[in-house]
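Grab a coffee and work through these exercises with the model open beside you. Each one sets a task and then walks through a solution.

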Amino acid sequence: MSTSETLHERDIVDPYRLGRAHAALHGGREYATGHGEGGPASKYVIVGYGFWIFLLSDIVMFSAFFAAHAVLQTATAGGPSGRDLFDPSSIALETACLLVSSFTCGLSAVATGARSQLWVQVFLLITGLLGLAFLALEARDFAGMVMQGAGPQRSAFLSSLFAVVGCHGLHVSAGLLWLGTMMAQIFVKGFRPNILRRMLCFNLFWHVLDVIWVALFTIVYLIGEGR
Amino acid sequence: MSDENVERDDIAPGFLDSPDLRDAVQSYVIGFVLASLLTAASFYVLYTHLIWGPGIPVALAVLAVAQIGVHLVFFMHITTAPDNTNNILALAFGVLIVVLIIGGSLWIMHHLNDRLMPMQEMMQMQR
Amino acid sequence: MLGKLSWDAIPWDQPIPLIAGAVVLAIVLAVLAWVVIKGHVPYLWHEWITSVDHKRIGVMYMLLGLVMLVRGFIDALMMRSQQAVAFHAAGYLPPEHFDQVFSAHGTIMIFFAAMPLVIGLMNFVVPLQLGVRDVAFPTLNSTSFWLTATGALLVNISLVIGEFARTGWLAYPPLSETTYLPGVGVDYYLWSLLISGVGTLMTGINFVTTILKIRAPGMSYLRMPVFCWTALASNLLIVAAFPILTATLVMLTLDRYLGFHFFTNEAGGNIMMFINLIWAWGHPEVYILVLPAFGVFSEVISTFSGKPLFGYRSMVAATLFICIVSYMVWLHHFFTMGAGGSVNAVFGISTSIIAVGTGVKIYNWMFTMYGGQIRYTTPMIWSVGFIFTFIIGGMTGVMLAVPPADFQLHNSLFLVAHFHNVIIGGVVFAVMAGLTYWFPKAFGFRLHEGWGQATFWLNFVGFYVTFMPLYIVGLLGMTRRLQHYDVAIWRPWVLAAGVGVVILCFGAVAQVAQLVVSIRRRHELRDETGDPWNGRSLEWSTASPPPAFNFAVLPNVSGEEPYWQIKRRAIQTQQLAAEPDYRPIEMPRNSPTGFISAFFATITGFALIWHIWWMVGVGIAAAYAVFVWFAWRDVEEYVIPAEEVARADRERRRARDAWLEANVRTSAPA
C-alpha cells in the first residue's frame, strides 16, 4: 500500500463520478446510491425470493417444451391430431380439480397464518386428494391414447404433447410428494420459522402449477383442438 | 403472518400482508370465482360460435393471460405496490425470456420449415 | 442384471484410452491411498467435503476447473498433433476416436473447466465484496458443486468404461439419435450435462438471490463493485438459459430412451428445432462465461492503476445491456441453416449491436488506466493481454455476424479461431488474473511473481502461435474437425498451430511450477495484512484467509469503494477505527447433503447410461431419502461465541496496526 498518492477529496466521496443529481431524489443525502440500502433481508424474504427465481426458471423450462409443441403441432405424420384425440369433458374435469386444489392450498396458507394445525392438515389433505384425482384423470387419458395407437412414439406431435403434459404431471407428482412431507413435518414439528418458510414455497409452487396448467390447456388442448 | 416479514419495503412473493382472516380468505374466494368464470369462458368460446372462427385462438390467449393475472394477484399476492418491485421485476424478466423463446422459436422455425425442400423432391434427388 | 454393462465396455483393443485410463486410475488411487494413510480423511470430510462455506466451495470449484482444464488441454494436444501429422496420411487417431476427442474437448472445456473456474471465482469473491457472511443458500451451494463434480466424473469414466459421444460438443441430431449412434457415448454426454446442469441452475438462483437481497447495510445497487454487477448479470443468464438446455437435452433423451420423435428423421421430427433451442441456450452460455471475466478485469485494472474504475454507471449499463441482448442473437450460430434473408438480417444486426456493450467496457478500462500509476504485476499483465487479444477476437466475431461472410466461414477453422480467441483471451486470461489476484486472500500468501510473468508470456505467445494460423487456414477453406486432410497450402499453418500448442504446454508447466514454488516459499510470500495489492473493495479489509464468518461486524457502507474510504481515513488519522462491539455470530452448519446426493446422482446417472434399471430406482429413492433426512434436521446453525470473534478480529487489527506503525505513523499514536 502506498501513502504518497495525491488525494482528491472527490476520489473519496464520489469515486465513480455518479454526480450529485440524485441528492434531491434521495431526501437531500449527498451521495448517489441507487436503492436497496437496508442491509441483508430477513430469511423469510430471502427464501421466498429465491424460490420465486427458481419458479421463474422452471417456467422458462416449460416454455422450451411449449415452443417445441407449438412448432410440432402439425407434425402428425399421418397419425391422429388433437381434434381426433382430446376429450373436452376430461380436460374440463382436470382443470376444475387443479383450480379447486389451488383454492384449498390458498386456504391452507390462511390456516397457517392463523396457526391452526387442524385446518392446515384438512386443507392440505383436500389439496392432495384433488391433485391425485388430476393425475389419475391424466393417466387415464394417456393410457387411452396409447391404447388407440396414439402414443408418444407415433408422431412428433404426440411426442411433444406427451412431453409437455407429462412434464407438468411430473411436477404435480413431485408436488404431491412434497405435500405429504410438509403435512408430516407440520404435524411433528409445528409452526417453526423454517416450516413457515417451506409452506410459503409450497404455496407458490402449487399456484404456479395451476398457472402452467392454464397455459397448457389453452395452448395444447383448446387451440390444438381447433386445428 | 406479519411477524415473518420484518421489513416494510421488501415483501416476499406469496406473502399476504394482512393479519385479518376475513381479508385473507376473501382474496382467495374472489380469485377462485374469477378464475372459474374465465375457465368456463374459455371452454364456452371454443365449443360455441360466440367468437368468429379465426379469432378463437386470440380470444383463448386473452382469457388465459387474464386468468394468469388473477392467479398472480389473488392467489400469489404479487401486486404493483413498491414493496413488491423486486418480485415484479423478476417476473418481467421471466416473461421477457419466455416471449423471446416461444416467439423467436416460432418465427425462426416457421421460416426454416417454409424453406425446407418438400420430402418428395428430396427423395427424388436421392435416386 | 447389469443392463448393457459387460467387460467389453473397457476398451481393451484401443491402447490410447486404455493406457491413459490406467495412468489416471493409478494416480487417483495413489492420491487416495496417501490421503487415507496420512489420516487426512477426517480433516477433508469436516473442513472441505461437507463444508457449506462459500470460500471453501469456491476453492474446490477452482481445483475441479483447473484439473479439467488440463484434461481438456490434453484432448487439444491430441487434436493438434493428429492434424499436424495427418497430411496425406491417416495419422495416429482412428476417426471414431478422433470424433470422441473433439467432442470431449469441447464438452469438458465449456462445462467442466470454464464454468467451474468462473463460478469458483464468483463463489469466493462475491459475498466478501458484498460485505456479508455467506450466500443465500449455503447447503444448496455445496450441492451445486458436488453435482458439477458428478458430471465431470461421468465424462471421465466414459474414457475407460464405454465410449464418449462422437457428435461434437453439442450433439446435433440425427447423428445423436439411436438410429446412428446407439452406443452409450451420447448417453454419457446427456446424463452428465443434465446432472451438472441442475447444479449450475441452483448456483444461478443462489447468486441472484444473494446479490439482490443480501448486502452489507448501506450498500445500495450503485455502491456494489462491478464484479458483483457482472456476477448478477451472469447468474440472471444462468437462471434464464440453463432451463432451456435441460429441456432440450431431455427431449433428446426421450427420443433415445423412449422412442419419441422430437428430432428424428421420421414421424415428423424436426432436426432444426434442436439446433434452434440448443443455441438459444448456447449463446447466453458464452456470456455467462465472459461477463464475470469482464468483472475480474474491472477489479484488477482499477486496483493496479491506483484509480477508481472509469465510467461506473456506463459499466453497469453496458453489463445489463449485454445481459439482455445476449438473448436476442442466438441465430447467428446457424445462419447457414436456411432461415432466409429476413431472419438472418435481424439476427446479424442484433449480433453487431451487442458488440457495442463490450466496446464501452474496453474504453472504460483504457480510461481507467490512463493517468493512473500502473503496476505491471501478474494480474495486470493478464488484463492488458486480454484487452489486446479480446479486441481481435471481438472483431472477427463482428465479421462472422455478417451473414454472407458467415456463409463462407461457418464451421471453418476461422470460426474455431474466433471462439478460442474470445474464450481464451477473455475467460481463461480472466481466470488466471483472478486466480493470481485473489490467491493471497484465499491462502494467505502470494503466488511467485517471476513464475507468474513466465506463465503469462508462454501462454500469450503460445495462444497467438496456435490460433492466428487457424484464422488463415480457415480463410483458405479448411473445415473444422478434420481427422485428416490433403490440401497442401494448409499444411504450414496447421504445423505452426502444432508448434503453438507445444508452447502452451510449456505455459501449463510454468503454471504448475508457479504453484509449487509459491507453496515451497510461502513464508517469504506471506500476506501479512490481508491487503497485498492496495485494494479498493471490501474483501481486502478481511484477514488472509478470512475467518469463517468473513466480517466480525458487517461493515456500514456509506459510499462507493467502501474499503478505500476506510483505508484513507485510517491513514489520515494514523489510527484504526474504534474496536467494534463484538457479538456472537450464527453460521450455517456443515452438511454432507451435497456430497451424498451427488454420490447417488452419480450412481443414478451411471445406471441410466447402462440401462441398469433397478439401480436407477435405488439411486432416485436414496436421493429423495437424503433430501428428506436433511429437511428434517432440527439445528441448522451453530454459534460462534463473541470471544472467539473478538480474538480473530483483534489478530487482524494487530496486523493492520503494525502496518500503520511501519508505514504511516510519524509520531506516537494518539
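**Exercise 1. Work out how many residues chain B and chain C each bring to their contact, and sort the chain B side by class.**

Step 1: set the rule. Two residues are in contact if their C-beta atoms, placed from the backbone, lie within 7 Å.

Step 2: count. Chain B puts in 11 residues and chain C puts in 17 residues.

Step 3: sort the side of chain B that touches chain C. You get seven nonpolar, three polar and one charged. For the classes, Ala, Val, Leu, Ile, Met, Phe, Trp, Tyr, Cys and Pro count as nonpolar, Asp, Glu, Lys and Arg as charged, and the others, Gly among them, as polar.

Before you go on, a word on what you're looking at: this is a predicted model, where local features need pLDDT of at least 70, side-chain atom pairs count only at pLDDT 80 or more, and totals for chains, interfaces and linings use all residues. Residues are numbered from 1 along each chain as its sequence is written, while chains are lettered from A and ligands numbered from 1 in the order in which they are written.

**Exercise 2. Describe how helix α3 of chain B packs against helix α8 of chain C.**

Step 1: find the helices. α3(B) covers residues 85-114 and α8(C) covers residues 271-305. Helices (H or I, at least four residues) and strands (E, at least two) are DSSP runs, numbered from the N terminus.

Step 2: get the geometry. The axes are 10 Å apart, at an angle of about 145°. Axes here are lines fitted to C-alpha atoms, for helices over the stretch in contact, and angles run from 0 to 180 degrees between N-to-C directions.

Step 3: give the hand. α3(B) and α8(C) make a right-handed crossing. A crossing is right-handed if the near helix is turned clockwise from the far one by less than a right angle, and left-handed if anticlockwise.

Step 4: list who meets whom. From α3(B) come B:Ile101, B:Ser105, B:Ile108, B:Met109 and B:Leu112, and they meet C:Met272, C:Met273, C:Asn276, C:Leu277 and C:Ala280 of α8(C). By class, this helix contact has eight nonpolar, two polar and no charged residues.

**Exercise 3. Find which helix of chain C gives the largest share of the side that touches chain A.**

Step 1: count both sides. Chain C has 56 residues in contact with 51 residues of chain A.

Step 2: list the elements of chain C that give two or more residues. They are α6 (185-213), α7 (226-258), α8, α9 (312-325) and α16 (562-573).

Step 3: pick the winner. α7(C) gives the largest share, 10 residues.

Step 4: sort the chain C side. It divides into 32 nonpolar, 15 polar and nine charged.

**Exercise 4. Decide how α11 and α13 of chain C run relative to each other.**

Step 1: locate them. α11(C) is residues 378-400 and α13(C) is residues 413-443.

Step 2: read the angle. Their axes come within 8 Å and cross at roughly 160°.

Step 3: conclude. α11(C) and α13(C) are therefore roughly antiparallel. The cut-offs: under 35 degrees is roughly parallel, over 145 roughly antiparallel, 65 to 115 roughly perpendicular and the rest oblique.

Step 4: add the details. The crossing is left-handed, and the contact has 13 nonpolar, 13 polar and no charged residues.

**Exercise 5. Track down the backbone oddities in the loops of chain C, starting with C:Pro174.**

Step 1: recall the norm. Most residues other than glycine have a negative phi, and most peptide bonds are trans.

Step 2: look for cis bonds. C:Pro173 to C:Pro174 is cis, with omega near -5°, and C:Pro174 sits in the loop between α5 (138-160) and α6. Another cis bond joins C:Ser544 and C:Pro545, with omega about -10°; C:Pro545 is in the loop between α15 (491-520) and α16.

Step 3: look for positive phi. C:Glu561 has phi near 45° and lies in the loop between α15 and α16. C:His611 has phi of about 60°, in the loop between α17 (593-609) and α18 (613-631).

Step 4: check burial. C:Glu561 counts as buried because it has 24 C-beta neighbours inside 10 Å, whereas C:His611, with 15, counts as partly exposed. A residue is buried if 20 or more other C-beta atoms lie within 10 Å of its own, exposed if 12 or fewer, and partly exposed in between; C-beta atoms are placed from the backbone.
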